[in-house]
4 protein chains.
Amino acid sequence: SEPALHDGEQTSAIAEQRLATRYDEIRRRTTSLCAPLEIEDYVVQSMPDASPAKWHLAHTSWFFETFVLKAAFADEAVSKDYAYLFNSYYNAVGERTPRAERGLISRPTVAEVYRYREAVDERMRALLESAEEPLLRRLGATIELGLNHEQQHQELILTDLKFMFGRNPLRPAYREPRLSGGTEVPPVRWLRFAEGLRQVGHDGNGFAFDNELPRHSVFVQSFQLADRLVTNEEFRAFVDDGGYDKPRFWLSDGWNARNSHGWTAPLYWEQTEGRQWRIMTLAGLRDLEPNEPVCHVSYYEADAYARWADARLPSEAEWEVATEGVEVQGNFLEDEYFHPQPLAVASAEGRLSQLFGDVWEWTRSPYCPYPGYRPAAGALGEYNGKFMCNQMVLRGGSCVTPRSHIRSTYRNFFPPEARWQFSGIRLANDA
Amino acid sequence: SEPALHDGEQTSAIAEQRLATRYDEIRRRTTSLCAPLEIEDYVVQSMPDASPAKWHLAHTSWFFETFVLKAAFADEAVSKDYAYLFNSYYNAVGERTPRAERGLISRPTVAEVYRYREAVDERMRALLESAEEPLLRRLGATIELGLNHEQQHQELILTDLKFMFGRNPLRPAYREPRLSGGTEVPPVRWLRFAEGLRQVGHDGNGFAFDNELPRHSVFVQSFQLADRLVTNEEFRAFVDDGGYDKPRFWLSDGWNARNSHGWTAPLYWEQTEGRQWRIMTLAGLRDLEPNEPVCHVSYYEADAYARWADARLPSEAEWEVATEGVEVQGNFLEDEYFHPQPLAVASAEGRLSQLFGDVWEWTRSPYCPYPGYRPAAGALGEYNGKFMCNQMVLRGGSCVTPRSHIRSTYRNFFPPEARWQFSGIRLANDA
Amino acid sequence: SEPALHDGEQTSAIAEQRLATRYDEIRRRTTSLCAPLEIEDYVVQSMPDASPAKWHLAHTSWFFETFVLKAAFADEAVSKDYAYLFNSYYNAVGERTPRAERGLISRPTVAEVYRYREAVDERMRALLESAEEPLLRRLGATIELGLNHEQQHQELILTDLKFMFGRNPLRPAYREPRLSGGTEVPPVRWLRFAEGLRQVGHDGNGFAFDNELPRHSVFVQSFQLADRLVTNEEFRAFVDDGGYDKPRFWLSDGWNARNSHGWTAPLYWEQTEGRQWRIMTLAGLRDLEPNEPVCHVSYYEADAYARWADARLPSEAEWEVATEGVEVQGNFLEDEYFHPQPLAVASAEGRLSQLFGDVWEWTRSPYCPYPGYRPAAGALGEYNGKFMCNQMVLRGGSCVTPRSHIRSTYRNFFPPEARWQFSGIRLANDA
Amino acid sequence: SEPALHDGEQTSAIAEQRLATRYDEIRRRTTSLCAPLEIEDYVVQSMPDASPAKWHLAHTSWFFETFVLKAAFADEAVSKDYAYLFNSYYNAVGERTPRAERGLISRPTVAEVYRYREAVDERMRALLESAEEPLLRRLGATIELGLNHEQQHQELILTDLKFMFGRNPLRPAYREPRLSGGTEVPPVRWLRFAEGLRQVGHDGNGFAFDNELPRHSVFVQSFQLADRLVTNEEFRAFVDDGGYDKPRFWLSDGWNARNSHGWTAPLYWEQTEGRQWRIMTLAGLRDLEPNEPVCHVSYYEADAYARWADARLPSEAEWEVATEGVEVQGNFLEDEYFHPQPLAVASAEGRLSQLFGDVWEWTRSPYCPYPGYRPAAGALGEYNGKFMCNQMVLRGGSCVTPRSHIRSTYRNFFPPEARWQFSGIRLANDA
Ligand SMILES: [Fe+3]
Ligand SMILES: [Fe+3]
Ligand SMILES: [Fe+3]
Ligand SMILES: [Fe+3]
């Protein structure tokens with residue numbers, strides 16, 4: 001799942017923020033995430049939905065080359081083969097390697113891919129530093145899109161590496177564990193929101209993906225929202241109660257998914273012979289921590305848990321109404337936990353905790369176009385619009401999302417079966 | 001896709017309508033639809049989503065036996081095996097034959113299934129005629145649900161038979177053709193609807209499925225709606241323009257479906273060697289009639305067509321707002337065309353035509369619970385709620401839907417890939 | 001698996017045997033096997049390898065029409081559609097309905113198929129009774145082939161019906177049980193055969209399929225053969241010993257098959273809650289009879305059993321050497337048990353029992369062309385030759401094989417995974 | 001496909017050949033084959049039947065550790081995880097990573113695998129140099145087996161790398177091309193062999209796999225054998241004649257394979273837009289050389305070609321009879337062409353050329369146990385015996401087989417669909 005562009009009054013803002021500096025910072029962050037890797041770790045594709053780290057590094061560079069450099073300079077691609085190898089899904093740009101075959105490609109080597117990144121970076125820097133105002137004005141929004149795209153792939157690099165290490169019987173660690181403190185988690189308190197006509201969607205100040213637009217009215221019935229995320233301990237009660245064996249809690253498609261995949265617990269939970277739960281993390285395998293937010297559940301599991309708990313998942317409009325004006329703070333990529341953390345401080349009466357970061361929160365809303373939605377023209381119109389079917393919206397970002405990437409109106413989306421993302425649960429209810 | 005129960009002030013209404021008479025009429029209609037069949041035609045399952053006619057006949061009887069007769073009398077089922085064979089998907093009722101294996105069962109014979117129907121009918125009549133008031137009051141809503149369920153299977157019997165005959169190289173006819181006149185179809189006129197806070201969902205007077213409840217407020221942006229359905233001729237222009245070969249018109253999942261199924265035209269269209277289009281109908285194979293509404297398209301094809309036509313599909317709220325208060329008339333099962341008909345009379349200026357009957361109209365709305373939705377208690381809660389994922393809403397009924405079954409608030413739903421239903425297209429647009 | 005033609009000195013023999021009478025007898029036998037069926041039973045295809053009874057009835061008629069009547073008279077087929085529907089696998093004759101889709105076809109009806117049979121029979125009778133000598137001489141071998149082909153499909157009708165009834169939760173019976181007596185089964189005695197240069201293959205006197213030709217020399221090492229078939233009781237000891245759970249007894253492909261199909265016992269064995277074994281027969285479900293020959297095992301199970309029993313399966317040359325000159329007698333189709341029977345009389349010292357009839361005996365020999373093998377010219381060359389890969393030879397006929405169909409040189413063949421044939425086990429060993 | 005052990009009078013011979021020296025040479029050859037690789041090239045599994053180079057390096061070491069070192073010293077494995085990761089298919093040794101998932105494992109790294117190799121080599125050298133006579137006598141045959149096993153994996157390393165590079169759109173080269181001269185290829189001459197009772201199988205002098213034993217009598221009918229291999233030019237004539245489109249040349253299973261895989265030419269042949277044939281080699285993509293032996297055909301294609309050419313494939317007995325006493329010379333791994341070469345010198349009248357090396361020659365013989373065959377006891381009994389089903393025998397070795405590995409009695413085996421081995425065609429015929 002990826003993003004597309006909405007331009008507007010941005011170019012002046014971009015100029016102020018010194019786009020060149022942000023370009024360097026974000027691009028450097030991507031490579032620094034790969035610092036702990038062995039060459040071998042860059043190559044493997046552990047399932048069709050995941051991509052090798054090498055592919056992510058090349059694809060994000062291909063994005064700038066294809067949509068910015070080619071538009072700026074009428075020159076050739078670095079390599080026609082690279083265009084074929086590192087295009088993700090842009091039909092308008094041409095043929096590409098099938099998604100499930102990204103792990104068959106030992107060449108170009110990791111070193112060659114880094115050289116490709118550097119070649120793109122050099123040209124991008126030349127463009128950013130010397131380009132005439134009109135050219136930058138024309139391309140500024142696309143460069144901004146490219147940077148947000150890069151951030152999305154930063155998150156994917158970590159989710160995909162985790163999945164790869166998780167399928168390895170050695171359960172290797174991406175890096176050393178790092179733990180926050182975290183208090184005992186208090187019981188959930190429910191916050192009530194009154195019904196009314198609300199505005200949702202992005203207001204056009206600053207960057208947003210096209211799928212957040214236009215801002216529009218929606219009537220929201222009164223509802224309640226849990227003040228914190230569901231924890232491992234709470235979810236384990238569902239497991240212990242036979243939640244995975246009782247079809248009455250599950251959607252029909254969810255029950256089928258549970259049967260065909262043999263789900264008995266969230267992804268990365270494994271039971272020892274002594275029936276202790278262990279959990280795979282980016283720091284390797286360790287005991288399940290009861291106070292952490294539950295993570296790596298599919299929409300089907302989140303929905304079944306909610307039904308078992310006599311609640312439901314929030315709609316995306318409810319979530320957005322509840323978070324409007326709340327400051328974006330939480331456990332993000334920059335905190336380098338790379339894992340959801342227990343609630344740091346019990347939330348103040350009447351306040352919602354853990355809204356941003358930690359885990360993406362499944363909503364009950366299918367991913368649809370907003371009323372009046374228009375995809376961008378040209379190939380970049382494929383960024384978001386064509387995926388608006390059979391996916392569910394998630395909100396709030398996770399512990400592997402860059403902080404500057406997220407906002408209250410941000411819409412992430414994945415198929416209801418997906419579990420390898422850092423996806424968790426906040427409960428809602430009618431009021 | 002099937003329904004669930006909402007009871008309320010219905011029992012008195014039921015009494016007035018003489019439930020016993022309606023029971024007889026509706027049950028008789030089902031068997032009369034099977035009159036043209038050979039024994040062999042009752043047995044075949046032509047794909048996993050379709051069922052043998054024999055199965056429909058038995059399953060609808062099993063429904064009354066299981067949910068009414070067993071609740072009324074604490075006696076045994078006619079046969080434990082029948083409970084296994086003819087349960088569709090009610091987990092709460094027990095194990096059942098896998099959906100894709102309904103065509104493996106030559107026994108019970110058709111004659112035995114008819115005897116089973118008669119045994120159920122006899123007991124139901126005894127119940128309806130002699131039962132004490134309190135018993136009927138308790139079961140009235142379930143009987144009403146059973147009758148609506150029966151009507152749904154009447155439609156399925158015809159759609160499934162059509163699919164079966166369509167896969168037979170002999171292209172047998174279910175019965176003789178019957179054609180209405182139909183005028184030349186005039187150009188589409190667009191009707192504009194102003195934005196505003198609207199009420200959608202059923203108001204509780206008379207029968208409704210639980211998924212139509214509760215009636216609730218929704219803010220609808222201004223929109224336009226085409227005054228008639230898309231015709232075969234219009235859809236053929238999309239085909240001739242290479243619409244099936246241009247990914248830019250398609251959702252990503254739709255493009256995958258088109259590729260994996262090799263779609264090049266709607267279901268039942270076939271091209272002769274002279275490149276004439278022929279179409280399979282319940283009266284056999286014949287030339288494509290340009291003025292008929294296009295039918296048997298998936299959501300993906302409807303959506304791609306709309307994008308090609310610079311329009312979009314309506315949301316279900318838009319459709320319901322536009323049809324509120326419109327009389328339910330059109331080409332229905334009782335008209336016995338069993339095929340969508342050309343527009344009979346050009347619609348009056350400012351009026352919408354073909355809203356009911358002819359073809360189910362795909363909406364852009366995923367099938368979701370309404371705010372405050374509560375499924376029925378017990379096994380009948382499985383009727384609708386558990387399917388609220390990965391399906392799209394269709395509205396208005398078709399030429400094989402019983403007239404008394406449909407209303408403005410009625411929500412049908414199928415996966416976006418489904419083509420064997422009588423599903424067509426009405427265009428909408430932002431205003 | 002089917003046969004092909006070898007002509008020679010046969011026409012005079014054919015004349016003597018009154019081909020017309022045999023034609024009538026064999027064709028009548030086919031329809032009499034269908035006498036117990038309901039119309040519904042004719043229609044179902046219970047798996048890709050099985051065919052509906054209706055299809056068998058039509059296909060055997062199509063065979064005579066295509067290969068005899070068309071060659072005799074230059075007239076048209078009864079129906080071009082029938083040629084498409086009822087061709088099994090003859091590429092040289094044209095396109096055909098895919099094998100797995102034979103159960104999708106409710107039409108032609110059973111009555112129409114019987115009319116088709118009668119139309120073919122009438123023309124065949126006219127040909128047989130009035131044809132000039134040279135015509136009959138030219139076609140005699142093909143007619144003989146057609147009759148043997150018909151007999152093969154008689155066996156398939158029963159095996160396919162059994163599989164269909166076996167998948168039906170009602171476990172319907174094809175007809176009433178009929179049981180022979182049978183003595184207590186004595187321990188196996190081993191007969192020893194000395195090594196030497198032997199002749200195998202058919203000698204050309206009377207009918208044989210092309211795959212039995214030419215007769216040729218083969219050097220056979222000394223070997224031992226069990227004097228009777230393996231019984232259910234013996235096989236149950238293998239089951240009880242965990243034979244299905246120990247990979248060391250299994251071929252690698254067999255172990256994979258066991259895993260992917262979840263085999264824990266022969267086909268048609270089912271265990272009650274009290275852990276009693278029950279067995280599905282053409283007379284319905286009943287207790288497992290310990291003295292009956294084990295039946296409905298795949299080659300993989302036969303091979304694993306043999307390894308467990310410290311023995312092996314015989315080669316087809318060994319089997320043929322051992323049965324040369326032995327009279328063809330046993331429990332065949334005409335005996336109408338339709339099920340393997342316990343040993344009637346303990347075999348005399350030094351004599352082999354149960355060689356013919358009861359169950360097909362798996363050999364360890366892959367199905368290959370004999371040295372010098374030549375398939376027939378034209379379409380009938382597809383009868384046997386093109387299947388000579390990935391199949392194993394079985395010998396001796398079964399309780400559903402017509403007696404006149406079998407002989408010592410007869411080679412049946414099925415893939416090693418096949419279990420729905422009446423296939424069993426005779427052990428051999430090195431000597 | 002791999003080997004198993006037959007011990008006998010070998011230990012003294014082993015002593016004479018200085019096993020320690022051969023161990024070093026063969027182990028060093030394996031790593032030298034990997035010298036041209038980038039780290040990335042070691043990791044990829046390009047299809048379920050192929051393995052990553054890293055896996056081959058570890059698995060061959062695991063073999064010595066498991067079957068030799070553990071038997072010699074009762075110590076622990078280097079790593080329990082390695083035992084899981086690098087066991088190929090030995091059920092008796094324990095669970096293992098599924099075959100198709102060997103490419104999911106980025107760790108252990110290549111460097112770690114090389115350290116594992118070195119640790120095993122060190123212990124093996126210590127054993128070989130200092131072990132007491134009785135210990136070496138007991139383990140000598142297993143060590144010999146391990147060296148032959150290593151050689152088999154040397155061949156697999158190259159075939160698997162070729163397949164991996166062949167799936168990469170960049171078509172990378174394993175190393176620089178190296179070409180022999182090669183004369184114009186003369187027409188085939190046929191050599192005739194008289195019928196008679198022959199001896200086949202290994203005589204027990206020197207190492208052989210258990211599947212070559214015991215030597216035994218077989219009656220071979222008179223036959224003819226082509227004096228050389230089929231060339232690319234000859235095979236292209238089959239392609240140009242529509243050989244891939246005419247079912248009459250194909251086995252039934254072969255025709256199905258051709259259809260499901262879309263075969264139109266041998267593996268690694270690709271056609272340019274100008275309809276020139278290009279061919280992928282271990283030195284990259286280049287023009288098809290008409291005089292080279294055709295290579296990378298499945299059994300089905302070899303069989304279809306032979307039928308088209310009015311010939312057949314030889315049986316393995318025929319091949320062995322014809323090569324008995326012929327010196328093992330040809331284009332082998334040590335020649336470092338890594339590709340079949342055109343006939344160097346026209347073969348002398350009455351002599352067979354290209355028998356050894358260049359390409360494995362498909363025979364028409366299914367892979368079966370020889371009469372009296374006994375697999376080795378214990379886990380090593382799984383080496384050959386359990387694969388004796390659904391595979392065909394190939395003879396003679398290829399351009400990537402070590403010369404010392406091959407002999408006249410050597411039986412290689414692959415499923416009839418396999419194309420990624422260096423497999424080609426020699427024609428035979430009845431005489
Ligand atoms: Fe991307
Ligand atoms: Fe139903
Ligand atoms: Fe046949
Ligand atoms: Fe190996």
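This is a short dialogue on reading cysteines, chain symmetry and one helix in a predicted model.

Trainee: How many disulfides are there over all chains?

Mentor: A disulfide needs two cysteine sulfur atoms within 2.5 Å. By that rule the count over all chains is zero. Take C34(C): the nearest cysteine sulfur belongs to C399(C) and is 17 Å away. For C368(C), the nearest cysteine sulfur is that of C368(D), at 7.1 Å.

Trainee: Is C34(C) buried or exposed?

Mentor: Buried means under 20% relative accessible area. C34(C) has a relative accessible area of 1%, so this cysteine is buried. C368(C) comes out at 18%, which means that this residue is buried too.

Trainee: What rotation superposes chain C on chain B?

Mentor: In general, two copies of a chain are related by a rotation about an axis and a shift along it. Here the rotation is 180° and the shift along the axis is 0.0 Å, with an RMSD of 0.0 Å. That is why the relation is that of a two-fold axis. Within chain C, the C-alpha nearest the axis belongs to E40(C), 3.0 Å from it. Both copies use the same surface, since 100% of the contact residues of chain C recur in chain B.

Trainee: Why is helix 10 of chain A described as largely enclosed by the rest of the structure?

Mentor: Because eight of its eight residues, 316-323, are buried. Among them are E316(A), W319(A), E320(A) and T323(A).

Trainee: What phi does G325(A) take, just after helix 10 of chain A?

Mentor: The phi of G325(A) is positive, about 80°.

Definitions and conventions: Residues numbered from 1 in each chain as written. Chains lettered and ligands numbered in written order. Predicted model: local features only at pLDDT ≥ 70, side-chain atom pairs only at ≥ 80, totals over all residues. Heavy atoms only, no water. Buried < 20%, exposed > 50% of the residue type's maximum accessible area, 1.4 Å probe, protein only. Least-squares fit on C-alpha atoms with pLDDT ≥ 70 in both. Contact = heavy atoms within 4.5 Å. Helix = DSSP H or I, 4+ residues; strand = E, 2+ residues; numbered from the N terminus.
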